[in-house]
Amino acid sequence: MDGSEPAESSDCGHGKSCWTACARLRSYKLKGIFTWRLLKTIAMGQALSMLICGTAVSCQYLAEAGVETPMLQSFLNYVLLLLTYTASLSLRKGDGNILQILKTKWWRYLLMGLTDVEANYTVVKAYQFTTLTSIQLLDCFVIPVLMVLSWFFLKTRYRLVHFVAVAVCLLGVGAMVGADLLAGRDQGSTSDVLLGDGLVLVSAALYAVSNVCQEYTVKNLSRGEFLGMMGLFGTLISGVQLAILETSAVAAIKWNWKIIVLFAAYAFCMYALYSFMPLVVKMTSATAVNLSLLTADLFSLFCGIFLFHFVFSSLYIVSFVVITVGFVMFNAVPTYTPVPESDSAGEEDDRV
């Protein structure tokens with residue numbers, strides 16, 4: 001009931017698969033659907049959404065203080081990963097040692113780090129050219145791209161109920177965007193909408209690639225290896241971009257205790273997000289996690305109502321409920337997923 005099942009028990013590929021899935025849904029009782037594992041997955045997914053909310057709120061306050069240094073903020077997160085997970089990898093012995101990993105797979109993690117850094121950068125950059133509404137809508141492009149990439153590279157097979165669940169979640173996003181429009185929150189730049197929208201789509205595609213790589217790594221290799229390599233290459237890549245793009249912006253920051261606390265809050269939330277997300281991905285899938293993260297904007301809006309005096313709309317509650325229902329539907333019926341290459345490959349790593 002965790003969003004995936006081993007290859008041996010799947011009837012994927014047979015003509016009766018959709019009928020079987022529907023029949024299984026009809027025969028489920030609430031106790032059969034709302035298992036402890038599913039409830040834990042929902043709770044962890046919402047915890048990830050609240051961490052993203054924390055990054056959004058801290059970014060909002062930094063922007064109000066005249067600080068616009070997205071690459072510096074990402075750099076701090078990667079440095080924390082470097083100091084913990086990369087350092088842990090360097091202490092390992094044998095094949096799991098960092099030197100052995102770099103000898104055989106350095107180019108893979110370099111590409112993964114580059115993809116992740118640029119995904120974060122392009123979506124922040126998009127706010128300079130397009131509106132919040134466009135970003136909320138187009139950012140959902142990550143879901144279909146993830147499903148396509150998972151189909152071809154992870155051999156994941158979806159059933160009809162999963163596509164219905166995704167449609168339900170996107171309907172919830174539509175309700176959220178509608179509430180934004182009614183509340184007059186279609187803010188953002190419109191200097192070059194097409195460029196901004198293009199950046200959002202590029203960011204969504206990059207996030208999808210990064211998430212698929214993450215799912216493969218944590219399920220077949222280890223969580224510690226993934227986070228350690230992301231810390232190493234993310235620090236290098238974001239450090240270079242920081243030096244090239246934001247040197248003057250960093251020098252212009254008027255440092256005080258409030259700015260320091262906001263940077264620390266952002267770095268903590270991002271570090272926690274990167275640390276815990278692989279655990280949820282391993283329990284379910286990258287697609288399921290991203291469906292859960294659709295509620296992150298809603299948590300940000302709820303915080304905005306109290307902190308920034310946003311206008312409240314009952315459609316926000318409707319949106320939250322609809323997205324949650326879609327997420328439960330997606331996880332209630334297992335997808336077909338091949339047996340991992342090493343079923344116990346990441347167990348020792350979870351001690352980190």
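Here are four short exercises, with worked solutions, on a predicted model.

**Exercise 1. Find the salt bridges: how many are there, and which side chains meet in them?**

Step 1. Start with the idea: side chains of opposite charge can pair when their charged atoms come close.

Step 2. Apply the cut-off, a Lys or Arg side-chain nitrogen within 4 Å of a carboxyl oxygen of Asp or Glu. The count comes to 2 salt bridges.

Step 3. Take the pair E225 and K105, whose side chains meet at 2.8 Å, N to O. E225 sits in helix α10 (residues 223–245) and K105 in helix α5 (residues 98–126), so this pair ties together parts that are 120 residues apart in sequence. E225 and K105 are both buried.

Step 4. Now take K219 and E215, which meet at 3.1 Å, N to O. These two are 4 residues apart in helix α9 (residues 193–220), so about one helical turn separates them. K219 is buried, and E215 is too.

**Exercise 2. Work out how helices α3 and α12 run: roughly parallel or roughly antiparallel?**

Step 1. Look at the axes of α3 (residues 36–64) and α12 (residues 257–283): they come within 9 Å and cross at roughly 155 degrees.

Step 2. Angles over 145 degrees count as roughly antiparallel, and α3 and α12 are therefore roughly antiparallel to each other.

Step 3. Add the handedness: α3 passes α12 in a left-handed crossing.

Step 4. Check what makes up the contact of α3 with α12: 20 nonpolar, 4 polar and 2 charged residues.

**Exercise 3. Describe the largest nonpolar core: which residues touch the most other members, and which helix supplies the largest share?**

Step 1. As background, nonpolar side chains tend to be buried together in soluble globular proteins.

Step 2. The largest nonpolar core here has 41 residues, and L48, L81, M229, F263 and V289 touch the most other members.

Step 3. Sort the core by helix: α3, α4 (70–90), α5, α10 and α12 each supply at least two residues.

Step 4. Pick out the largest share: α12 brings 13 residues to this core.

**Exercise 4. Look at the backbone of K155: where is this residue found, and is K155 buried or partly exposed?**

Step 1. Recall that most residues other than glycine have a negative phi.

Step 2. K155 isn't a glycine, yet has a positive phi of about 60 degrees.

Step 3. Place K155 in the fold: the loop between α7 (142–153) and α8 (160–182).

Step 4. Finish with accessibility: at a relative accessible area of 42%, K155 is partly exposed.

Terms used: Residues are numbered from 1 along each chain as its sequence is written. This is a predicted model: local features need pLDDT of at least 70, side-chain atom pairs count only at pLDDT 80 or more; totals for chains, interfaces and linings use all residues. Side-chain values use heavy atoms; hydrogens and water are left out. Buried means under 20% relative accessible area, exposed over 50%, partly exposed in between (1.4 Å probe, protein chains only). Axes are lines fitted to C-alpha atoms, for helices over the stretch in contact, and angles run from 0 to 180 degrees between N-to-C directions. Angles under 35 degrees count as roughly parallel, over 145 as roughly antiparallel, 65 to 115 as roughly perpendicular and the rest as oblique. A crossing is left-handed if the near helix is turned anticlockwise from the far one by less than a right angle, and right-handed if clockwise. Ala, Val, Leu, Ile, Met, Phe, Trp, Tyr, Cys and Pro count as nonpolar, Asp, Glu, Lys and Arg as charged, and the others, Gly among them, as polar. A nonpolar core is a set of buried Ala, Val, Leu, Ile, Met, Phe, Trp, Tyr and Cys residues joined through side-chain atoms within 4.5 Å.
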